[in-house]
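Here are some exercises to work through with the model open beside you. Try each one yourself before reading the solution.

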Amino acid sequence: MGPKKLEVCIDSVESAIAAAEGGADRLELCAALSEGGLTPTLGLLTVVKKAIAPRSVDVFCMVRPRGGPMTFSPEEKEIIISDTKALVKAGADGIVFGALKSDKTIDVELSRSVQEAADGLPCTFHRAFDLIPDQLAGLETVINLGYNRILTSGGQASAVEGSDNIAQLVAASKGRISVMAGAGIKSSNAALLSSATNAQEFHASARIQRTVGSSNKCGPKMGLNDDCIIWVTCKEEVKKIKEALN
């Protein structure tokens with residue numbers, strides 16, 4: 001087996017550059033990581049691809065039209081397919097998606113439609129997978145759908161807490177799909193997770209908080225979060241995670 005790979009989720013050009021310079025093997029491009037990641041704009045994808053072109057790092061795009069439940073209405077499903085096709089046309093290297101039915105099983109029909117709309121690009125089934133009661137059965141479903149990897153914390157709040165379950169999924173996958181560990185991965189726990197799970201791919205945000213100006217000078221709030229605080233990828237943390245994994 002080769003070196004273990006690190007995917008970094010990002011939602012800005014600045015973070016994309018930092019992640020690429022830190023040695024990320026792949027980027028998961030989102031909007032609004034504060035919401036768990038939503039569909040990025042075509043403009044963001046275009047500028048990110050241009051900014052990291054010298055590094056030749058693949059950019060996988062999240063397709064998720066809103067925050068909240070992983071079940072989608074007919075109108076939202078139409079948005080999902082349209083966005084997938086647009087991102088593929090705009091230069092995405094892969095698609096990240098996940099959807100469930102009301103009984104918390106995988107929405108096979110919609111997931112297959114997204115895989116088909118991806119037009120041959122690799123697809124990752126995201127952490128909607130962690131809401132499935134029977135993950136071993138879900139693993140087989142995702143494999144049969146033709147997805148290339150699953151992002152999971154083993155059904156727990158963090159990959160550390162779900163490490164035993166991730167290890168079971170890795171063993172059950174038998175090399176048919178990549179089981180990528182994610183949620184709460186840091187340089188301080190990456191080596192432990194690498195050993196405990198036997199996963200070959202890992203997913204992290206490697207973010208730090210930055211304050212812009214002064215909190216008491218920001219004026220009216222534009223949303224639920226503090227408008228003077230932004231979260232950005234830390235290049236040094238990306239490097240440290242990579243070193244810990246390998």
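**Exercise 1. Work out the handedness of the crossing of α5 and α6, then say which residues make the contact.**

Step 1: handedness. α5 and α6 cross in a right-handed way (the near helix is turned clockwise from the far one by less than a right angle; anticlockwise would be left-handed). Helices here are DSSP runs of H or I with at least four residues, strands are runs of E with at least two, and both are numbered from the N terminus.

Step 2: geometry. The two axes cross at roughly 40° and come within 10 Å; axes are lines fitted to C-alpha atoms, for helices over the stretch in contact, and angles run from 0 to 180 degrees between N-to-C directions. That makes α5 oblique to α6 (under 35 degrees is roughly parallel, over 145 roughly antiparallel, 65 to 115 roughly perpendicular, and the rest oblique).

Step 3: the residues. α5 brings Q135, L136, L139 and E140, and α6 brings Q168, L169, A172 and S173. Contact means heavy atoms within 4.5 Å.

Step 4: the classes. The α5 and α6 contact has four nonpolar, three polar and one charged residues. Ala, Val, Leu, Ile, Met, Phe, Trp, Tyr, Cys and Pro count as nonpolar, Asp, Glu, Lys and Arg as charged, and the others, Gly among them, as polar.

A word on the ground rules: this is a predicted model, where local features need pLDDT of at least 70 and side-chain atom pairs count only at pLDDT 80 or more, while totals for chains, interfaces and linings use all residues. Residues are numbered from 1 along each chain as its sequence is written, and side-chain values use heavy atoms, with hydrogens and water left out.

**Exercise 2. Find the buried residues of α6 and say what covers them.**

Step 1: pick them out. In α6 (residues 163-173), the buried ones are S163, I166, L169, V170 and S173. Buried means under 20% relative accessible area, exposed over 50%, and partly exposed in between, using a 1.4 Å probe and protein chains only.

Step 2: look down the axis. The buried residues of α6 fall within an arc of 115°, so they line one face of the helix; the arc is that of the directions from the helix axis to the C-beta atoms. On the other side of α6, D164 and A171 are exposed.

Step 3: find the cover. It includes α5 (135-145), β6 (149-152), β7 (178-182) and α7 (190-197).

Step 4: step off the end. Just after α6, K174 has a positive phi of about 50°.

**Exercise 3. Do the same for α8: which residues are buried, and what do they pack against?**

Step 1: in α8 (residues 235-245), E237, V238, I241, K242 and L245 are buried.

Step 2: down the axis of α8, those residues fall within an arc of 140°, so they line one face of the helix.

Step 3: their packing partners are β1 (5-10), α1 (13-22), α7, β8 (201-204) and β10 (229-233).

**Exercise 4. Describe how α3 packs with α4.**

Step 1: α3 (residues 74-90) and α4 pack at an angle of about 20°, with axes 9 Å apart. That makes α3 roughly parallel to α4.

Step 2: the crossing of α3 and α4 is right-handed.

Step 3: K77, I80, I81, T84, K85 and V88 of α3 meet L110, S113, V114 and A117 of α4. By class, that contact of α3 with α4 has six nonpolar, two polar and two charged residues.

**Exercise 5. Place S56 and K104, and say whether each is buried, partly exposed or exposed.**

Step 1: the background. Most residues other than glycine have a negative phi.

Step 2: S56 isn't a glycine, yet its phi is positive, about 55°. S56 sits in the loop between α2 (42-51) and β3 (58-62) and is exposed, at a relative accessible area of 65%.

Step 3: K104 isn't a glycine either, and has a positive phi of about 70°. K104 is in the loop between β4 (94-97) and α4 (108-117) and counts as partly exposed at 40% relative accessibility.

**Exercise 6. Which residues does T124 touch, beyond those up to four places away in sequence?**

Step 1: T124 is in strand β5 (residues 123-125) and is buried, with a relative accessible area of 1%.

Step 2: T124 touches F60, I95, V96, F97, Y147, R149, L151 and M180.
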